[in-house]
Amino acid sequence: MRRALFLSAAVAAMMSAFADEPLTDGEVWNEGVSYFDAGDVTNALRVLRPLMLSKTHGARAAEVVAKLEHERGNREEAANAAQIALRANPEDAKANRNFTRATDGLLDERENKRIDAVLKAAQGKDPGSMLLSATYDARALMADSGSYRTNKAAKAVALADSLSLRASRLADVWIPVREVIAQSVTNEEQASTILAQIGDAQAKTKAAARQLSDLDAESYSSMCEVEGAFNRFLKLTAMPPAAIGEDLVAQSNAWQDVEEVNSRPWQKEALDYTRAFRQKFPAWAKAYETQAQSDTNKPPFTAEDQAKVSAMSTELEKIQMKCCEKNLPPLQEEAIGLIIKIRDLLPKDNKGGGQGQQQNNPQQNQQQDQQKDEQQQDQQQNDQQQEQQQQQEEAQEEKDDSQKEDEEKKEDQEVEAVLRKAQERNDEHEAEKKARMRKAPLPPNERDW
């Protein structure tokens with residue numbers, strides 16, 4: 001009896017010791033295969049996923065995981081596993097075909113998911129307001145991309161990454177804009193042309209983001225094209241209230257002789273917005289009048305006021321055409337007054353009686369608007385002076401630093417780091433390009449899994 005108890009205790013101790021020992025990779029592989037053969041996909045994946053990093057069984061485990069994840073519809077997981085299997089045997093034809101199959105169409109799937117996410121985030125937002133905000137962002141980004149490379153290397157790299165991220169966000173703005181225009185244009189030929197132009201603009205925005213990330217000297221020129229595209233589509237899509245607002249900004253800048261943006265004269269910009277306003281105003285006014293009949297929140301827009309707006313916008317266009325031919329500040333000031341009158345006549349939602357006050361005191365509103373414009377101009381001048389002073393201080397600091405030998409060595413090292421980073425990114429782009437060219441789509445009749 002004592003002998004039996006002793007043997008039982010010894011066996012239990014031995015089993016406990018074996019249980020504490022980790023399984024070998026071969027034993028884990030056998031366990032995973034057993035689950036796979038039994039059709040237990042959940043446990044097979046649970047066991048085999050950690051084994052994909054094994055030196056001895058990782059490639060085989062990754063191949064099985066890729067097959068199971070692909071059958072379950074997990075394209076990302078399948079591609080990752082197939083990539084691990086391919087890395088273990090880069091020249092293996094079967095691993096190459098399986099990787100091609102796993103990644104076929106994956107980029108399109110990722111892009112579709114990203115587009116869905118962007119459209120979901122844009123729900124409830126006014127596309128016109130988004131485009132207007134994006135135009136100003138593109139203008140600021142264009143200015144920043146023309147000067148970031150003058151910084152020291154370390155700061156230039158950080159700024160380049162930040163600017164690249166901003167440009168990528170701008171590229172996403174084209175997605176909801178495209179959807180709205182596609183739904184609003186009924187002429188198929190016209191819609192095809194416009195959508196092609198939007199696609200080209202989006203591609204240029206993405207290209208500018210890549211150039212900024214790579215510290216490419218052409219990034220400024222690309223951002224100029226991007227800003228021009230946003231500005232052009234803003235004129236095409238801006239409704240009368242937004243168009244007359246931009247008209248006031250452009251005409252005020254022309255009167256104050258503010259520096260041109262992207263080689264576009266402000267006076268010509270003001271004329272473009274006036275023409276955009278006149279083109280859309282009749283249909284917009286009719287649509288507004290229809291809505292006002294069923295929505296008591298909307299103030300009326302009488303036929304008399306509509307006639308006044310039409311007449312003033314016609315006169316405004318004539319004045320601006322003269323100012324484009326010859327700089328005439330008195331007429332420019334007169335044009336500003338007409339724009340303000342037109343803006344004040346346009347209907348606005350009733351909010352605390354603000355609309356009535358504006359209509360009862362148009363002269364007071366004009367004076368207030370002129371004061372706001374003058375304050376904006378003063379602020380712009382102050383900002384320009386501060387920027388010039390800052391640039392002068394930075395130039396002086398760089399001049400002093402250049403006289404120190406140790407600082408020169410440090411800057412040389414930083415420049416080498418920048419060049420090395422640019423070369424590494426270029427090599428990555430080339431490697432990705434070669435990989436895409438090497439991978440041919442798998443014919444439907446060939447299946448290794």
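# Working through the helix packing

**Exercise 1. Does the length of α15 fit its residue count, or not, at 1.5 Å a residue?**

Start with the count: helix α15 covers residues 329–345, which is 17 residues. At 1.5 Å a residue, that stretch should span 24 Å. Now check the ends in this predicted model: the end C-alpha atoms of α15 sit 25 Å apart, which agrees with the expected span.

**Exercise 2. Which residues of α15 are buried?**

Go along the helix with the cut-off in hand: buried means under 20% relative accessible area. The residues of α15 that pass are Gln332, Ala335, Ile336, Gly337, Leu338, Ile339, Ile340, Ile342 and Asp344. For the background, look at the whole chain: 34% of its 449 residues count as buried.

**Exercise 3. How do α12 and α15 pack, and what are the residues of the contact?**

Two numbers do the job here, because two packed helices are described by the angle between their axes and the distance between the axes. For α12 (residues 240–255) against α15, the angle is about 160° and the axes are 9 Å apart. Angles over 145 degrees count as roughly antiparallel, so α12 and α15 are roughly antiparallel to each other. As for handedness, α12 passes α15 in a left-handed crossing.

Next, the residues that make the contact:

- From α12: Ile244, Asp247, Leu248, Gln251, Ser252, Ala254 and Trp255.
- From α15: Pro329, Gln332, Glu333, Ala335, Ile336, Ile339, Ile340, Ile342 and Arg343.

Sort the residues of this α12–α15 contact by type and you get ten nonpolar, three polar and three charged.

**Exercise 4. Now do α14 against α15: what is the angle, and which residues meet?**

Same recipe. Helix α14 (residues 303–325) packs on α15 at about 155°, with the axes 9 Å apart. That angle makes α14 and α15 roughly antiparallel to each other, too. Their crossing is left-handed.

On the α14 side the contact uses Asp305, Lys308, Val309, Met312, Ser313, Glu315, Leu316, Ile319, Gln320, Lys322 and Cys323. On the α15 side it uses Leu331, Gln332, Glu334, Ala335, Leu338, Ile339, Lys341, Ile342 and Leu345. The tally for α14 with α15 is eleven nonpolar, three polar and six charged.

Pick out Gln332 and Ala335 while you're here: they are in the contact with α14, they are in the contact with α12, and they are on the buried list of α15.

**Exercise 5. What does Lys322 touch, and how far is Lys322 from Gln332?**

Place Lys322 first: it belongs to helix α14. Leaving out residues up to four places away in sequence, Lys322 touches Leu328 and Leu331. Then take the distance: Lys322 and Gln332 are ten residues apart in sequence, with 9.5 Å from C-alpha to C-alpha.

**Exercise 6. Try α3 and α4: how are they oriented?**

Helix α3 takes in residues 41–48 and helix α4 residues 58–72. Their axes come within 10 Å and cross at roughly 140°. An angle over 145 degrees would be needed for roughly antiparallel, so α3 and α4 are oblique to each other. In handedness, α3 passes α4 in a left-handed crossing.

The meeting residues are Val41, Ala44, Leu45 and Leu48 in α3 and Ala61, Val64, Val65, Leu68, Glu69 and Arg72 in α4. By type, the α3–α4 contact holds eight nonpolar, no polar and two charged residues.

**Exercise 7. Is Arg139 buried or exposed, and what does it touch?**

Locate Arg139 in helix α8 (residues 127–145). Its relative accessible area is 15%, so Arg139 is buried. Beyond residues up to four places away in sequence, Arg139 touches Glu227, Asn231, Val261, Arg264 and Trp266.

**Exercise 8. Where are Asp257 and Asn262, two non-glycine residues with a positive phi?**

Asp257 has a phi of about 60°, and Asn262 has one near 55°. Asp257 is in the loop between α12 and α13 (266–294), and Asn262 lies in the loop between α12 and α13 as well. Finish with accessibility: Asp257, at 68% relative accessible area, is exposed, while Asn262, at 25%, is partly exposed.

**Exercise 9. How many helices and strands does the chain have?**

Count along the chain: 18 helices and zero strands. Of the contacts with a separation of 6 or more, 69% come from residues 24 or more positions apart.

Technical notes. Residues numbered from 1 in each chain as written. Predicted model: local features only at pLDDT ≥ 70, side-chain atom pairs only at ≥ 80, totals over all residues. Heavy atoms only, no water. Helix = DSSP H or I, 4+ residues; strand = E, 2+ residues; numbered from the N terminus. Expected span 1.5 Å × (residues − 1). Buried < 20%, exposed > 50% of the residue type's maximum accessible area, 1.4 Å probe, protein only. Axes fitted to C-alpha atoms, helices over the stretch in contact; angles between N-to-C directions. Parallel < 35°, antiparallel > 145°, perpendicular 65-115°, else oblique. Left-handed = near helix turned anticlockwise from the far one by under 90°. Contact = heavy atoms within 4.5 Å. Nonpolar A, V, L, I, M, F, W, Y, C, P; charged D, E, K, R; others polar.
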